[in-house]
Amino acid sequence: MHITVIGTGYVGLVAGAGLADFGMDVICVDKDASKIEMLRQGRLPFFEPGLKELVDRHTANSRLSFSTDLRSAVEQSLVIFLGVGTPSDSNGGVDLSFIYEAAKEIAISLNDYRVIVTKSTVPVGTNRKIKAIIDQHKKQDVEVDIVSNPEFLREGSAVEDFMRPNRVVLGSDSSRALAIVKDIYRPLYLIETPFVLTGLETAELIKYASNAFLATKISFINEVANLCEKVGANVLDVARAMGLDRRIGPKFLHPGPGFGGSCFPKDTEAFVRIGHDFGSPVRITEAVMEVNRLQRQHMTEKVTNALEGNIRDKKICVLGLAFKPNTSDTRESAAIYLIKDLLALGAIVSAYDPAAIEEFQRCFPEMQIDYCQNPYDAATGSHAVVVMTEWNEFRNLDLERLKTQMTRPVLVDTRNIYDPAKVMALGFYYDCIGRMSCPSTS
Ligand code: UDX
């Protein structure tokens, strides 16, 4: 079967390579000619473990190709996957211009029955609008069906998530289209992946409800962590004991500096907006966003408190700029908010990240940061080191060496990667999230 995937970002490229691995003939289309050229030369626009191997394998066996020619791709393909970006707009909604533009372009290229599968995260009602746009702009009297197929992949394990998903959600009004898309995902039947077949609006909502729920777990445990700090409890033990209740589960109960990334902040905001638009507010998600905002602020307070309330002209070393480890992605990373605050308060900031320095520099050229080659250089002369991302590289730092290079031995560990007792025994002022000085019993 021939398939077109529109968009070569995280969602589109992983889907394209994954579908080729499922035995499909896939053309990945993007408007950005330089990106397509790069992909044709075997270079990927971002790093994702396992993706390069998959792309190389299927370009070599000709099941995967790259093109800027949407019309020709649509003419050859029974199924067209939409994986274009859906960024936030300035009013807390979702900017759907890339989706609607793609829908128009598909419409004018249609020469036969086609199934359009939306993988991009889109608000409730968008898939019906896509269908209306295509019906309005199509040049030939051909039928089109729409399937909503939300993507749940995580950066850093996107290939694994595509190949072995917890579930596949397919929403459509058309049993014909559902049968075609189910057939594409047939290899997943062999590994007994559950399929949820449903309507368009339900599929659209599943994605938002899932991400909002995961974000809720994080904000919940962050609030519990803050309470632990007040009462002298240990959040790691609280989270572990909670997670042992199978109804709760242990995942997404790691307290930290607040969630970031390309999905949770954007999707919670959009979910709240959808609730308002339909007159059914999702108040828990509103609170989740507010708690996340406060948690970011709380990190600045921790650093300020560590330096007795005055950080003007103090040198602060930030370790970790990516929103989570194993990615160069800095979108909505907690480090952005901390560094902005520190600079506004007159601090001098140095930073190190194993993968995200270039990206951070590109996105925030206005921020005066001394970017360094390694954690020790970044810590030299600093009055505090703040760990913002739990990269493995930071778990085994030589703390004695770090201490000798710092002006003051202050370590703020927003990811709880160190043992408080050990760090304090080395003479550091140490602060973390929700443990204070309580050693973990686990
Ligand atoms: C997320 C969803 O997991 C994925 O299903 C969806 O398709 C896209 O959004 P991703 O953004 O790649 O994936 O990262 P994820 O691992 O979920 O982490 C998101 C943020 O939450 C990160 O900033 C991370 O540090 C934070 N987080 C995660 C916590 O603070 N605590 C946790 O327990 C888990």
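Contact here means heavy atoms within 4.5 Å. Helices (H or I, at least four residues) and strands (E, at least two) are DSSP runs, numbered from the N terminus.

The model is predicted: local features need pLDDT of at least 70, side-chain atom pairs count only at pLDDT 80 or more, and totals for chains, interfaces and linings use all residues. Residues are numbered from 1 along each chain as its sequence is written, and side-chain values use heavy atoms, with hydrogens and water left out.

**Stop 1: the two domains**

Colour residues 2–198 as domain 1 and 199–442 as domain 2; such bounds come from an automatic or database domain assignment. The C-alpha centres of domain 1 and domain 2 are 33 Å apart. Where the domains touch, 33 residues of domain 1 are in contact with 25 residues of domain 2.

**Stop 2: helix H10 and its partners**

Select H10, residues 200–231, and add H12, residues 264–277. Their axes come within 9 Å and cross at roughly 115 degrees. Axes are lines fitted to C-alpha atoms, for helices over the stretch in contact, and angles run from 0 to 180 degrees between N-to-C directions. H10 passes H12 in a left-handed crossing. A crossing is left-handed if the near helix is turned anticlockwise from the far one by less than a right angle, and right-handed if clockwise.

Show the side chains at this contact. Those on H10 include Leu205, Tyr208, Ala212 and Ile218, and those on H12 include Phe264, Asp267, Phe271 and Ile274. The contact of H10 with H12 divides into 11 nonpolar, two polar and two charged residues. In this scheme Ala, Val, Leu, Ile, Met, Phe, Trp, Tyr, Cys and Pro count as nonpolar, Asp, Glu, Lys and Arg as charged, and the others, Gly among them, as polar.

Now swap H12 for H11, residues 235–243. The axes of H10 and H11 come within 9 Å and cross at roughly 140 degrees, which makes H10 oblique to H11. Angles under 35 degrees count as roughly parallel, over 145 as roughly antiparallel, 65 to 115 as roughly perpendicular and the rest as oblique. The crossing of H10 past H11 is right-handed. Phe220, Ile221, Val224, Ala225 and Cys228 of H10 meet Val235, Val238, Ala239 and Met242 of H11. By class, the contact of H10 with H11 has nine nonpolar, no polar and no charged residues.

**Stop 3: the six-stranded sheet**

Next, show the open sheet of six strands, in the order E11-E10-E9-E12-E13-E14, with parallel pairing. Two strands pair if DSSP finds at least two bridges between them. At the edges are E11 (369–371) and E14 (429–431), each pairing on one side only. Neighbouring strands of this sheet are turned by 20 degrees against each other on average, direction ignored.

Zoom in on E12 (residues 384–387) and E13 (residues 410–413), which are joined by three bridges. Val387 stands opposite Asp413 in E13.

**Stop 4: helices across the sheet**

Add H13, residues 283–306, and H14, residues 334–344. H13 lies across E9, E12, E13 and E14, running at about 165 degrees to E13. H14 lies across E9, E10, E11 and E12, at about 175 degrees to E9.

H13 and H14 pack at an angle of about 50 degrees with their axes 9 Å apart, and are therefore oblique to each other. Their contact is made by Arg296, Met299, Thr300 and Val303 of H13 and Tyr337, Leu338, Asp341 and Leu342 of H14. These residues divide into five nonpolar, one polar and two charged.
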